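The following paragraphs lead the reader through a single protein model, from its surface to its interior. Please keep the sequence and the structure in view while reading.

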Amino acid sequence: YKLSIGNNNFRTHSTSIGKNLINIKDLSILEAPIILQLSAFIRDNLAFGKGRHLLSYYIYDLVKKIILGRQRLFEDKIHKQISNIIEGKVYFSEEHDSFVFSDENNNAFDISNAASGIKSFGLLQLLMAAEAINKDSFLVIDEPEVHLHPEWQLEYAKVLVELVKNGVPILIASHSPYFVEALKVYSDKEGISERTNFYLGEKGETGTVFKDVTNNLDLLFEKFSAPMIKLIIDK
């Protein structure tokens, strides 16, 4: 399957993923949360000027969304759920011309001084404010656990499950047993297990092949545990 939105192209070998994307109107791809620190530079020097061709379209698209959406008020249940987790919120400050994190006591910190986990949750807040996360959008998140403490991996999984429960299609690439197990547990708990699928990607002769392991997550956890087993053997 190939999903094309503007200049965004998304490919997957898994037909069971692709068959449900017919009505998708928008695509957002989240990678490293450092994009918040670079957004002003990208805006002024690359995204909206002659340097735009130097950017991957999905980066330009993401910066455009979080900047143009910065003035909109968005305080629904999930947005407040994130605010409770990070004990504050991320927004754009006109005064500093950059994104800031404001804690529960209204102390504002430049986003460069905020933890990576706060930036990761903040990106979701900003995309909600930009109305870029909804039933007609498709959210792709690459290895969110890299920037999250194990405890916050569980909280991030809760937020994503809540989004899916509200009809938002999401595709996640993860190498974390905490995160994968959390997605399974909270999907079951929220009654959306029929909308939650797990795939194991393995290298094939012509590229990566994705195998549906929804009914046998042990195959995933065997992969996750292999490095630790090797370390024990080498000790």
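Accessible areas, as used here, come from the Shrake-Rupley method with a 1.4 Å probe. The model is a predicted one. By this method, about 13400 Å² of the protein chain is exposed, and carbon and sulfur atoms supply 51% of that area. The chain has 235 residues, of which 44% count as buried. Its secondary structure consists of eight helices and 10 strands. Among the contacts in the chain with a separation of 6 or more, 62% join residues that lie 24 or more positions apart.

The interior may be considered next. The largest nonpolar core comprises 54 residues, and L30, F99, L124, Y156 and L163 are those with the most contacts inside it. A second core, separate from this one, has five residues, including I24, L27, I29 and F138. L30 illustrates how distant parts of the sequence meet: beyond its neighbours within four places, L30 is in contact with L62, L123, L124, L127, L139, V140, I141, D142 and Y156.

L30 also belongs to the lining of an enclosed space. Rolling a probe the size of a water molecule over the atoms shows where empty space is left. The structure holds one cavity of 30 Å³ or more, and the largest cavity has a volume of about 60 Å³. Its lining is formed by L30, E31, P33, S120, L123, I141, D142, P144, H147 and Y156. Two elements, helix α5 (116-129) and strand β7 (137-142), each give two or more residues to this lining. By class, six of the lining residues are nonpolar, two are polar and two are charged.

Two serine residues complete the tour. S83 is placed in helix α4, which covers residues 77-86, whereas S102 is placed in strand β5, which covers residues 98-103. Are these serines buried or exposed? A residue counts as buried when its relative accessible area is under 20%. S102 has a relative accessible area of 9%, and therefore counts as buried. S83 is likewise buried, because its relative accessibility is 15%.

The surroundings of each serine can also be described. Apart from residues up to four places away in sequence, S83 touches G88, K89 and Q125. With the neighbours within four places left aside, S102 is in contact with E87, G88, K89, Y91, N107 and A108. G88 and K89 thus appear in both lists. Finally, S83 and D103 are 20 residues apart along the chain, and their C-alpha atoms are separated by 8.9 Å.

Terms used: Residues numbered from 1 in each chain as written. Predicted model: local features only at pLDDT ≥ 70, side-chain atom pairs only at ≥ 80, totals over all residues. Heavy atoms only, no water. Core = buried A, V, L, I, M, F, W, Y, C linked by side-chain atoms within 4.5 Å. Buried < 20%, exposed > 50% of the residue type's maximum accessible area, 1.4 Å probe, protein only. Contact = heavy atoms within 4.5 Å. 1 Å grid on protein atoms, 1.4 Å probe; cavity = no way out; pocket = protein on both sides within 12 Å on 5 of 7 lines; lining within 4 Å. Points joined across faces, edges and corners; volume = space filled by probe spheres on them. Helix = DSSP H or I, 4+ residues; strand = E, 2+ residues; numbered from the N terminus. Nonpolar A, V, L, I, M, F, W, Y, C, P; charged D, E, K, R; others polar.
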